[in-house]
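Trainee: Could you walk me through this structure? I'd like to go slowly and ask things as we go.

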Amino acid sequence: MKILANDGISKTGIKTLEKAGFEVITTKVAQEQVASFINTHNIKVILVRSATKVKKDVIDSCPGLKIIGRGGVGMDNIDVDYARQQGIHVINTPAASSESVAELVFAHLFTGVRFLYDSNRNMPLEGDTNFNGLKKAYANGIELKGKTLGIIGFGRIGQAVAKIALGLGMKVIASDKYVGEAVIRVDFYNGQFINVDIKTEPIDDLLKHSDFITLHVPSQNGYIIGRDELKIMKDNVGIVNAARGGVIDEVALIEALDEDRILFAGLDVFEEEPTPAMRVLMHPKVSLTPHIGAATLEAQDRIGTELAEQIISLMKNS
């Protein structure tokens, strides 16, 4: 049985599948050729991340497809309900990348509060001629400890973010339409741990009280943070989006940065992927990464292994 891992899969995942008798194809097929490739090569399973879309047109064109797998959490690039109505299994790996995304959030937060996004651009250009000037320019950093982190979206990733924040000594406020409260376990050495109960709050309260805000929500119709929400926030708040492009109004965000109402932004996702707006890419107060939240070796190993185990289980029981 053939599997097309069109957006890649870890070596561990490939070995697990091959050991179970599957043939894994990792050829990158262009979106417009996906359906044809599936039919020509008698593909039974397609695995994707965020790049490849498996919508109604592909599903209708591929009657032999048995499983659609998403390496990651959100499945907005798949017509999940429609696929299941056609008898196709749809699987994902919701827990595999939580820690990786959470750590990237704090990479952006630390970068923002110590101006690393700008310092790393300017030190190679001016470090040998304007060292003291740069030292003065970046001398007003702030600490994360004791500050309030607002987490919009309190699922697995949001809770992983909360765990790191608590370990740093931050205060945490969370908002989620579907999660009322969560117990965050923070582990220490020798098996010691503490549990912290966090009840979610209305989003307006989060916007008013947070020193930093991070988003962990699926794709939305409309913005979670637009002009009105930016006006509610404290001055000099830092904002991180490692969730989905389109949940923040980037035009309004840039305006707020230009007006010095927002201290910095950290963006791993963009409204116009894979060609983000140049105003965003060139802005001196924006820390940038190219949608790499789940792109750690550990997360990719977990994703590949989890997908492989689910596929093997489904096909054995079918």
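Mentor: We'll talk about helix packing, then salt bridges, and then a few backbone details. Please keep in mind throughout that this is a predicted model.

Trainee: Okay, helices first. At what angle do H5 and H8 cross?

Mentor: The axes of helix H5, residues 98–113, and helix H8, residues 156–167, cross at roughly 50° and come within 8 Å. H5 and H8 are therefore described as oblique to each other, and their crossing is right-handed.

Trainee: Which residues make that contact?

Mentor: On the H5 side the contact is made by Ser98, Val101, Ala102, Glu103, Val105 and Phe106, while H8 contributes Arg156, Ile157, Ala160, Val161, Ile164 and Ala165. Sorted by class, the contact of H5 with H8 has nine nonpolar residues, one polar residue and two charged residues.

Trainee: I keep seeing gaps of three or four in those numbers. Why do residues three or four places apart point the same way?

Mentor: An α-helix has 3.6 residues a turn, so residues spaced three or four places apart point the same way.

Trainee: And how far apart are the axes of H1 and H13?

Mentor: The axes of helix H1, residues 11–19, and H13 are 7 Å apart, and the two helices pack at an angle of about 20°. That angle is under 35 degrees, and H1 and H13 are therefore roughly parallel to each other. Their crossing is right-handed.

Trainee: What does each helix bring to that one?

Mentor: From H1, the residues Thr12, Gly13, Thr16 and Leu17 meet Asp301, Gly304, Thr305, Ala308, Ile311 and Ile312 of H13. By class, the contact of H1 with H13 has four nonpolar, five polar and one charged residues.

Trainee: Which residues of H6 are buried?

Mentor: In helix H6, which covers residues 116–126, the buried residues include Tyr117, Asp118, Ser119 and Asn122. The buried residues of H6 pack against H5, helix H7, strand E12 and strand E13.

Trainee: Switching topic: how many salt bridges are there?

Mentor: The count comes to twelve salt bridges. A good one to begin with is between Arg244 and Asp76, whose closest N and O atoms are 3.1 Å apart. This pair links distant parts of the chain, 168 residues apart, with Arg244 in the loop between strand E11 and helix H11 and Asp76 in the loop between strand E4 and helix H4.

Trainee: Is Arg244 buried or exposed?

Mentor: Arg244 is buried, having a relative accessible area of 14%, whereas Asp76 is partly exposed at 35%.

Trainee: What about a salt bridge that involves H13?

Mentor: Arg302 forms a salt bridge with Glu99, and the closest N and O atoms of that pair are 4.0 Å apart. Arg302 sits in helix H13 and Glu99 in helix H5, so this pair also links distant parts of the chain, here 203 residues apart. Arg302 is partly exposed, with a relative accessible area of 32%, and Glu99 is partly exposed as well, at 43%.Trainee: Where are Asp260 and Lys285?

Mentor: The side chains of Asp260 and Lys285 meet in a salt bridge, with 2.3 Å from N to O. Asp260 lies in the loop between H11 and E12 and Lys285 in the loop between helix H12 and E13, so the pair ties together parts that are 25 residues apart in sequence. Lys285 is partly exposed, with a relative accessible area of 23%.

Trainee: Which residues are joined into one network by salt bridges that share partners?

Mentor: Arg227, Asp249 and Glu255 are joined in that way.

Trainee: Last topic, the backbone. Which peptide bond is cis?

Mentor: The peptide bond from Glu273 to Pro274 is cis, with omega near 5°, and Pro274 is found in the loop between E12 and H12. As background, most peptide bonds are trans, and most residues other than glycine have a negative phi.

Trainee: Which residue has a positive phi of about 60° although it is not a glycine?

Mentor: That residue is Phe115, which is placed in the loop between H5 and H6 and counts as buried at 16% relative accessibility. Asn42 has a positive phi too, near 55°, and its place is in the loop between helix H2 and strand E3. Asn42 is partly exposed, with a relative accessible area of 46%.

Methods:
Residues are numbered from 1 along each chain as its sequence is written. This is a predicted model: local features need pLDDT of at least 70, side-chain atom pairs count only at pLDDT 80 or more; totals for chains, interfaces and linings use all residues. Side-chain values use heavy atoms; hydrogens and water are left out. Axes are lines fitted to C-alpha atoms, for helices over the stretch in contact, and angles run from 0 to 180 degrees between N-to-C directions. Helices (H or I, at least four residues) and strands (E, at least two) are DSSP runs, numbered from the N terminus. Angles under 35 degrees count as roughly parallel, over 145 as roughly antiparallel, 65 to 115 as roughly perpendicular and the rest as oblique. A crossing is left-handed if the near helix is turned anticlockwise from the far one by less than a right angle, and right-handed if clockwise. Contact means heavy atoms within 4.5 Å. Ala, Val, Leu, Ile, Met, Phe, Trp, Tyr, Cys and Pro count as nonpolar, Asp, Glu, Lys and Arg as charged, and the others, Gly among them, as polar. Buried means under 20% relative accessible area, exposed over 50%, partly exposed in between (1.4 Å probe, protein chains only).
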